[in-house]
Amino acid sequence: MALLLRTLGRQGVCLSKPHYHVLYRHAAPMGTTAKEEMNKFWAKNSRLNRPMSPHITIYKWSIPMMMSITHRGTGVGLSGAISAFAMAALILPGNYTHYLDLIHSLSVGPILIGLAKFGIAFPLSYHTYNGIRHLYWDIGKGFKIPEVYRTGYTVIGLSVVTSLALILM
Amino acid sequence: MAAIVRLSSVCRRGVKPLFYQSTLLVRPVVVLHKEQQPHPLTARIHSSPPLYAGSDSNAASLHWTAERVLSIALLALGPVAYFSPGPVIDYSLAAALTLHGHWGLGQVLTDYVHGDTKVKLASAGLFVLSTVTFAGLCYFNYNDVGICNAIALLWSK
């Protein structure tokens, strides 16, 4: 309804000719943007020191929910790792091969090496495959609930398989 | 409450009177029209005032599209980096990875950080982080083995 009034009241729309004004003469534009409205919400509620309503502590967790936050978590984690690597490159003396040899000389067992490789490969694989799933949604496909679950399980399966394959490379 | 009022109105009097209920939309309003509200029963709507230069701005949707284009480009860079590593790929990866991360973390900030000052601080911090990250990666590409070789060496362990 508001959308209809907004469309009619907008400048430049041909319906905004004077004789159409009967359709929206009862509508008046607000002076605030959505962003301002959101800021006002947060300002007021934090000013009144209101606690946040429980949400993630009470809502039943679902696979799509967990996959979504995992996508965000892997993204933040991968980004953090890249930033840490970049800062190390700038700050630490000595070059890359020097530090690699250092790690080599620790003679860490193959299990721990495999674990470390999995720790890198899995977040990367998961974030990549789920990213493709996101792009699939972005073109408007795959929103039916069974499809969401099907593509979700596919992402998880592919991530595990790819990570194992990468470890064995 | 508003939902109950609306439903009962529909049941009793039909849909039309709903359009003229202002009790559902009570909020402070800065009215930019020259004439004052002539009718006591009016609907307040969000409309782009003609004075706003940014009202027709599609910056946000362009940003959205750019994010998806970059994601696809990054997807393509993966296999290319595997099959033909080299300095061009190294620097492209550095740029694509940092920008993708920068925009992604920007969305995280938008979701969880509220209030003008906090948003400004967090955005500034993110900008510094992304700049340092890109600088570090370029330094690594220039003065050291480069990203592709680094991954290859690490994995050959």
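1. A good place to start is the second largest pocket, which is lined by 22 residues; those nearest its centre are Lys35(A), Leu109(B), Thr110(B), Val113(B) and Val119(B). Please keep in mind as you read that this is a predicted model. The volume of this second largest pocket is about 700 Å³. Sorted by class, its lining holds 8 nonpolar, 9 polar and 5 charged residues. Both chains take part: helix H2 (34-47) of chain A supplies at least two lining residues, and so does each of helix H2 (59-83), helix H3 (87-112) and helix H4 (116-143) of chain B.

2. For orientation, here is chain B as a whole. Chain B has 5 helices and 1 strand, and along the sequence they follow the pattern α-β-α-α-α-α. Of its 157 residues, 24% count as buried. Among the contacts in chain B with a separation of 6 or more, 46% are between residues 24 or more positions apart.

3. One of the pocket's helices, H2(B), deserves a look along its length. H2(B) has 25 residues, and its first and last C-alpha atoms lie 36 Å apart, close to the 36 Å expected at 1.5 Å a residue. Its buried residues are Glu67(B), Leu70(B), Ser71(B), Leu74(B), Leu77(B) and Ala81(B). The cover over these buried residues includes helix H5 (110-138) of chain A, along with H3 and helix H5 (147-155) of chain B.

4. Now for an enclosed space. How many cavities of 30 Å³ or more does a search of the whole structure find? The search finds 1, and the largest cavity holds about 70 Å³ of space. Its lining consists of Ser79(A), Ile82(A), Ser83(A), Leu97(B), Thr98(B), Gly101(B), His102(B), Leu105(B), Leu129(B), Ser130(B) and Thr133(B). The elements that each give two or more of these residues are H3 of chain A and, from chain B, H3 and H4. H3(B) contributes the largest share, 5 residues. By class, the lining of the largest cavity has 4 nonpolar, 7 polar and no charged residues.

5. Next, the aromatic rings. Over all chains the count comes to 9 aromatic pairs. In one of them, the ring centres of Phe85(A) and Phe140(B) are 4.8 Å apart and the planes stand at 70°, so this pair is edge-to-face. This pair crosses between chains, joining Phe85(A) in helix H3 (residues 63-91) of chain A to Phe140(B) in helix H4 of chain B. The two partners differ in exposure: Phe85(A) is partly exposed because its relative accessibility is 32%, whereas Phe140(B) is buried because its relative accessible area is 4%. Together with Tyr96(A), Phe85(A) and Phe140(B) form one aromatic cluster.

6. A second pair sits within a single helix. Tyr149(A) and Tyr153(A) form a tilted aromatic pair, with 6.2 Å from centre to centre and 55° between the planes. Both residues lie in helix H6 (residues 145-168) of chain A, 4 residues apart, which is about one turn of the helix. Are these tyrosines buried or partly exposed? Tyr149(A) is partly exposed at 29% relative accessibility, and Tyr153(A) is also partly exposed, at 47%.

7. The helix that carries this pair can be checked in the way H2(B) was. H6(A) has 24 residues, so at 1.5 Å a residue it should span 34 Å, and the 35 Å between its end C-alpha atoms agrees with that. Buried in H6(A) are Val148(A), Gly152(A), Val155(A), Ser159(A) and Ser163(A). Their cover includes H3 and H5 of chain A.

8. One residue of H5 shows such a link directly. Asn130(A) lies in helix H5 of chain A and is buried, because its relative accessible area is 1%. Beyond its neighbours within four places in sequence, Asn130(A) is in contact with Met67(A), His71(A) and Val155(A).

9. Last, another aromatic residue to find in chain B. Phe134(B) is in helix H4 and counts as partly exposed at 35% relative accessibility. Setting aside neighbours within four places in sequence, Phe134(B) is in contact with Ala94(B), Ala95(B) and Thr98(B). Its C-alpha atom is 9.5 Å from that of Tyr91(B), although the two residues are 43 residues apart along the chain.

Key:
Residues numbered from 1 in each chain as written. Chains lettered and ligands numbered in written order. Predicted model: local features only at pLDDT ≥ 70, side-chain atom pairs only at ≥ 80, totals over all residues. Heavy atoms only, no water. 1 Å grid on protein atoms, 1.4 Å probe; cavity = no way out; pocket = protein on both sides within 12 Å on 5 of 7 lines; lining within 4 Å. Points joined across faces, edges and corners; volume = space filled by probe spheres on them. Nonpolar A, V, L, I, M, F, W, Y, C, P; charged D, E, K, R; others polar. Expected span 1.5 Å × (residues − 1). Buried < 20%, exposed > 50% of the residue type's maximum accessible area, 1.4 Å probe, protein only. Contact = heavy atoms within 4.5 Å. Phe/Tyr/Trp six-rings, centres within 6.5 Å; stacked < 30°, edge-to-face > 60°.
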